[in-house]
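Q: Please take a close look at the part where charged side chains meet one another, and then set that part against the rest of the chain. How far can each part be read?

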Amino acid sequence: MERQNRRSPRKKIKLESHERTKQEEEEEEEEDGDGALAEFSNPVPWQKIEAEGLDCDYALLFSKKEADHLFKQLEEEVVYSTGEESMVQVFGKVYSIPRKQATYGDTGLTYTYSGVTRLACPWTPTLEYIRDAVTKTTGQTFNFVLVNRYKDGQDHMGEHRDDEKELDPLCPIASVSLGAARDFIFRHRDARGKQSRRQIEPVKLELAHGSLLLMNSPTNTFWYHSLPARKKISLPRINLTFRRILLDRKK
């Protein structure tokens with residue numbers, strides 16, 4: 001599909017199909033000598049989402065049948081944090097997380113966010129499967145995943161940026177959603193609060209069951225994101241955000 005008019009003052013959302021005809025593939029291989037150098041190694045129809053300083057790619061990665069199966073498997077495999085590990089620190093105060101949370105990744109890996117350092121549990125078979133599917137689709141590798149489980153629309157996530165220094169700035173954050181579709185809202189850092197400096201429209205998405213959202217650089221530098229409460233939603237949702245942590249930046 002063709003891109004929308006670039007004169008849109010708020011955001012550009014365009015569908016990009018990475019499918020190629022045989023002739024186009026042959027021409028592409030002749031140009032760069034290797035068809036594997038394409039941006040995405042396992043083509044899916046991507047939706048490009050752009051605004052000032054915001055660059056995201058969105059696609060349906062899993063069919064409903066496979067997404068249903070993966071959700072069921074994660075419900076059996078994932079062990080969520082309790083006690084102090086289920087708390088976050090905001091402006092010096094400690095709060096309970098309004099959702100369930102777990103961290104998985106490579107052996108010995110830790111990740112510090114919201115004032116708390118968490119040790120990654122070993123990958124489960126289903127998390128490995130989803131991670132590998134994301135890698136095959138994007139060409140990016142990941143060594144850590146944050147799992148958030150929302151029991152219903154009352155569970156939510158406040159505005160924040162995933163901009164920790166230990167994250168690889170060249171690697172996107174890959175967000176896989178399973179379960180109830182939920183609104184996901186980006187807000188520019190200059191347009192937040194009562195004393196906002198600029199009038200910039202928020203970018204609102206609905207993350208569907210089986211979907212993949214790539215938050216590319218420099219999105220997390222300029223835009224906060226949140227998953228607001230939606231009281232009418234009664235079904236659960238599991239979200240997986242795959243990240244690449246730079247070991248040489250960890251102390």
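A: A residue counts here as buried under 20% relative accessible area, as exposed over 50%, and as partly exposed in between (1.4 Å probe, protein chains only). The model is predicted, so local features need pLDDT of at least 70 and side-chain atom pairs count only at pLDDT 80 or more, while totals for chains, interfaces and linings use all residues. Residues are numbered from 1 along each chain as its sequence is written, and side-chain values use heavy atoms, with hydrogens and water left out.

The part in question is a network of salt bridges that links E52, D190, R197 and R198, where a salt bridge is a side-chain nitrogen of Lys or Arg within 4 Å of a carboxyl oxygen of Asp or Glu. D190 is a buried member of this network, with a relative accessible area of 10%, and two arginines reach its side chain. R197 is bridged to D190 with 2.5 Å between the closest N and O atoms, whereas the bridge from R198 to D190 spans 3.7 Å from N to O. The surroundings of the two arginines can be described separately: R197 is exposed, at a relative accessible area of 68%, and R198 is partly exposed, at 33%. The network therefore joins the buried D190 to the exposed R197 and the partly exposed R198.

A further bridge pairs D55 with K48, at 2.7 Å from N to O. Here the lysine K48 is buried, with 9% relative accessibility, and the acid D55 is partly exposed, with 21%. The structure as a whole holds 15 salt bridges.

Arginines also take part in contacts with aromatic rings. A charge is taken to sit over a ring if NZ of Lys or CZ of Arg is within 6 Å of the ring centre and within 35 degrees of the ring normal. By that criterion the charged end of R192 sits over the ring of Y224, 3.7 Å from its centre, and R131 lies over the face of W123, at 4.6 Å from the ring centre. W123 in turn belongs to an aromatic cluster with F142 and F242.

The structure has 4 aromatic pairs; rings of Phe, Tyr and Trp (its six-membered ring) pair if their centres lie within 6.5 Å, and planes under 30 degrees apart count as stacked, over 60 as edge-to-face and the rest as tilted. Y111 and F144 make an edge-to-face pair, with 5.0 Å between centres and 65° between planes. Because Y111 lies in strand β7 (residues 110-113) and F144 in strand β10 (residues 144-150), this pair ties together parts that are 33 residues apart in sequence. Y111 is buried at 0% relative accessibility, and F144 is likewise buried at 0%.

The wider fold gives the setting. The protein contains 4 helices and 17 strands, which are DSSP runs numbered from the N terminus (helices H or I, at least four residues; strands E, at least two). Of its 251 residues, 45% are buried. Contacts (heavy atoms within 4.5 Å) show how parts distant in sequence are brought together: among those with a separation of 6 or more, 77% join residues 24 or more positions apart. L207, in strand β14 (residues 203-207), is one buried example, at 0% relative accessibility. Beyond its neighbours within four places in sequence, L207 touches residues including Y58, S177, F184 and R237, and its C-alpha atom is 9.7 Å from that of G179, 28 residues away along the chain.

A backbone detail also deserves attention. The peptide bond between S217 and P218 is cis, with omega about 5°, and P218 is found in the loop between β15 (211-216) and α4 (219-222). Most peptide bonds are trans.

As for how far each part can be read, the average pLDDT (the predictor's confidence in each residue, from 0 to 100) is 81, and 75% of the residues score at least 70. Over residues 1-22, however, pLDDT is below 50, although the model gives this stretch 35 contacts beyond near neighbours in sequence. Residues 24-41 also stay under 50, with 20 contacts beyond four places in sequence. Where pLDDT is low, the predicted coordinates should not be read in detail.
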